[in-house]
Structures are given as C-alpha cells and as structure tokens.
Amino acid sequence: MKLQEYSVSNRGLRPRLIGTPEQIRERVEAFEAAGLDLLLLQMSPQAEEMERFSEQVIRPVVEAEPELSLLA
C-alpha cells in the first residue's frame, strides 16, 4: 500500500466524492443505485464543510423532490 493510499486525509478520495455539487450528487446517486443506504462523511473543518455539503449537495435534491426529505 502506498503512503498516499494509507493517509487518513486521502481516504475520502477513494469514492471520488470530488468535483462540483452536481458531480458529487451524481456520484452519491450512483452509490445509492448500487444499494448503498448509508454514507459517512469526514470533512475538515467539520461544521463548515457539512453546512456547505448540506446547502450545495443535499438541499437542491430536497427542493426538487420534497418527498425525499425527512424534514418535509
């Protein structure tokens, strides 16, 4: 195993959750289509990046399909 592959900070790149919010949504949807029903996210700084993920990746889906929201 290469050092780059072992580094905790690089593990998030393995599922390729990088790119524009639209590209990330597409990747998450591909995982869902493959049967994944739990997605664990690690971000730094945690609070700020989770807020950004929520606003840019999750909110557009919920606004387009409110029935998907647990808060609706």
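**Helices, core and salt bridges of the predicted model**

Among the elements of the chain, mean pLDDT is lowest in helix α1 (residues 3-6), at 57, and highest in helix α3 (residues 21-33), at 93. The structure is a predicted model. Over the chain, the mean pLDDT is 81, and 75% of the residues reach 70 or more. Where pLDDT is low, the predicted coordinates should not be read in detail.

The chain contains four helices and zero strands. Read from the N terminus, the order of its elements is α-α-α-α. Of its 72 residues, 10% count as buried. Among contacts with a separation of 6 or more, 30% join residues that are 24 or more positions apart.

Helix α3 consists of 13 residues. From its first C-alpha to its last, helix α3 reaches 18 Å, close to the 18 Å expected at 1.5 Å a residue. Just after α3, Gly35 adopts a positive phi of about 110°. The loop between α3 and α4 includes Pro45. The peptide bond that leads from Ser44 to Pro45 is cis, and its omega is near -5°.

Helix α4 (residues 46-64) has 19 residues. The distance from the first C-alpha of helix α4 to the last is 26 Å, close to the 27 Å expected at 1.5 Å a residue. This helix is kinked by about 45° at Ile58, shortly before the proline Pro60.

The largest nonpolar core is made up of five residues, namely Leu17, Ile24, Met43, Phe53 and Val57. For one of these core residues, Ile24, the contacts beyond four places in sequence are with Leu17, Ile18, Gly19, Phe53 and Val57. The contacts of Ile24 thus include Leu17, Phe53 and Val57, which also belong to the core.

Arg25 is located in helix α3. With residues up to four places away in sequence not counted, Arg25 touches Gln56, Val57, Pro60 and Val61. One of these contacts, Val57, is a member of the largest nonpolar core, and another, Pro60, is the proline that follows shortly after the kink at Ile58. Arg25 is classed as buried because its relative accessible area is 14%, under the cut-off of 20%.

Three salt bridges are found in a search of the whole structure. In one of them, the side chains of Glu22 and Arg25 meet at 3.7 Å, N to O. Glu22 and Arg25 are three residues apart in helix α3, so about one helical turn separates them. The two partners differ in exposure: Glu22 is partly exposed, at a relative accessible area of 44%, whereas Arg25 is buried, at 14%.

A salt bridge also links Glu49 and Arg52, whose closest N and O atoms are 2.7 Å apart. Both residues lie in helix α4, where Glu49 and Arg52 are three residues apart, about one turn of the helix. Glu49 is partly exposed, with a relative accessible area of 22%. Arg52 likewise counts as partly exposed, at 46% relative accessibility.

The remaining salt bridge joins Arg59 and Glu55, with 2.9 Å between the closest N and O atoms. Arg59 and Glu55 are four residues apart in helix α4, and about one helical turn therefore separates them. Arg59 has a relative accessible area of 38% and is partly exposed. For Glu55, the relative accessibility is 34%, which means that Glu55 also counts as partly exposed.

How values were computed: Residues numbered from 1 in each chain as written. Predicted model: local features only at pLDDT ≥ 70, side-chain atom pairs only at ≥ 80, totals over all residues. Heavy atoms only, no water. Core = buried A, V, L, I, M, F, W, Y, C linked by side-chain atoms within 4.5 Å. Buried < 20%, exposed > 50% of the residue type's maximum accessible area, 1.4 Å probe, protein only. Contact = heavy atoms within 4.5 Å. pLDDT = per-residue confidence, 0-100. Helix = DSSP H or I, 4+ residues; strand = E, 2+ residues; numbered from the N terminus. Expected span 1.5 Å × (residues − 1). Bend = angle between axes of the 7 residues up to and from the residue. Salt bridge = Lys/Arg side-chain N within 4 Å of Asp/Glu carboxyl O.
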